[in-house]
Amino acid sequence: MFKGVYTAIITPFKNGKIDLDNFEKLIERQKNAKVSGIVIGGCTGESFTLTLEEKIELTKSALKFRDKDFKIIVGTGTASTSETIETSKKIESLGVDCLLIITPYGNKPSQEGLYNHYKKIAENVSTPIMLYNVPGRTSVNMLPETIAKLSNIKNIVALKQALNDMDTMSKILQIAPNIDLLSGEDSITYPLLAIGGKGVVCTCSNIIPETMVELCNSFFNSNLDKAREIHLNIQNFIKACFIESNPTPLKYAYKYLNLSNGELREPLIEVSESSKKVIENEINKLKEIGYLKI
C-alpha cells in the first residue's frame, strides 16, 4: 500500500503565519518529481508548534493535489490518547490517505501502554494508520514485538521507523511481515530496501525529490548499481540536513535556493554561520553532479 518516497514536507511560515501560497508551490514541485506522496505535520513540518486549526488548513490545501499516485498523509499524534483520537477524527473527515501517529512523547508509556494507545486510536478511525517510532524525539522506543502485535489490527498498515539500526529493521520484517516498513532515516533508505523495506518517509527529498525517487525506482527496477551510486553520493548532503536540529538545516537550504524564506517557529532558530557553509557546500556539490533539479 505504501511504497517509494514520501516527502516529510516543511511548513512554510510568513510573519508567524502559515504561507499557503508557498506551501502549494512546494507541494507542486514534489508532485512533479513523482514522489509517492507527502507527509504534512510531521516533525520536519514543525508539528509540535502547529495548532489543530493550522493542520486542518494545511491538509485542505494539500488535498487539492491528491490523486491515486500522490498520497496525502497527515501527522495527528500527540502525547495524549484522547487528544490524538480527536485530532485523527477531524483530519480523517477531510479525506486523507493515511494518518501518521507518533509514539506519545514525554510521558514514556510502557510497551503495553503503547499497544493500548494505538489500539484505541485504530478503533476510532477507519483511515489507514502509519505508526511512527522516533525514540530520539519521544524518549520511548516501540519494540518489534509491540509493532508485530499492532500489525494484526486491520487499519494499522505501515511503520515509519526513525532508528538507524538494521538489526531492529530485520527483526520487524521477520515478525511483522504484513506491515509496510519505511525508513525514517534518509541515510539507510538503500540498505532498508535491500532487506525488504518499502521506501522512505524522507527529509532530504524536500530538496532532491527527483534523486530520491530515482534511487528507489532504480532499486525496484533491479538497477542496483545506480541505486547504490545515488546512496553513496547523497550521504554527505543527508548529514548536512541534520547538522543541527531538523528542520533548521532544511529550511536554510530552502532559503539558500530561493524556494522558501526559511522562517522557523521558536524555539527553533536559524542555523549557525558554520552550519550554513556546510549546507551551501553540499548543495553546490549536488548541483555539480546533477542531483539537484530546480
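## Rings, charges and a helix pair

Start by selecting Y252 and Y256: they sit four residues apart in helix 12 (residues 248-256), so about one helical turn separates them. Helices here are DSSP runs of H or I with at least four residues, numbered from the N terminus. What you have open is a predicted model, where local features need pLDDT of at least 70, side-chain atom pairs count only at pLDDT 80 or more, and totals for chains, interfaces and linings use all residues. Residues are numbered from 1 along each chain as its sequence is written, and side-chain values use heavy atoms, leaving out hydrogens and water.

Stay on that helix for a moment. Y252 is buried, at 9% relative accessibility, while Y256 is partly exposed at 28%. (Buried is under 20% relative accessible area, exposed over 50%, partly exposed in between, using a 1.4 Å probe and protein chains only.)

Next, the ring pairs. Rings of Phe, Tyr and Trp (its six-membered ring) pair if their centres lie within 6.5 Å; planes under 30 degrees apart are stacked, over 60 edge-to-face, and the rest tilted. That rule gives five aromatic pairs. Select Y190 and F219: the ring centres are 6.1 Å apart and the planes stand at 85°, so this pair is edge-to-face. It joins distant parts of the chain, with Y190 in helix 8 (residues 189-195) and F219 in helix 9 (residues 209-220), 29 residues apart. Y190 is buried at 15% relative accessible area, and F219 is buried too, at 18%. Now flip back to Y252 and Y256: their centres are 6.3 Å apart and their planes at 25°, so that pair is stacked.

Add F220 to your selection, since Y190, F219 and F220 form one aromatic cluster. Then show K3, which lies over the face of F220 at 4.4 Å from the ring centre. A charge sits over a ring if NZ of Lys or CZ of Arg is within 6 Å of the ring centre and within 35 degrees of the ring normal. Another case to pull up is K71 over the face of F2, 5.6 Å from the ring centre.

Last stop: helix 3 (residues 81-92) and helix 4 (residues 111-124). Their axes, lines fitted to C-alpha atoms over the stretch in contact, with angles from 0 to 180 degrees between N-to-C directions, come within 10 Å and cross at roughly 30°. That makes helix 3 roughly parallel to helix 4 (angles under 35 degrees; over 145 is roughly antiparallel, 65 to 115 roughly perpendicular, the rest oblique). To see the contacts (heavy atoms within 4.5 Å), select T81, T84, I85, S88 and K89 in helix 3 with H117, K120, I121 and N124 in helix 4.

Definitions and conventions
Helix = DSSP H or I, 4+ residues; strand = E, 2+ residues; numbered from the N terminus.
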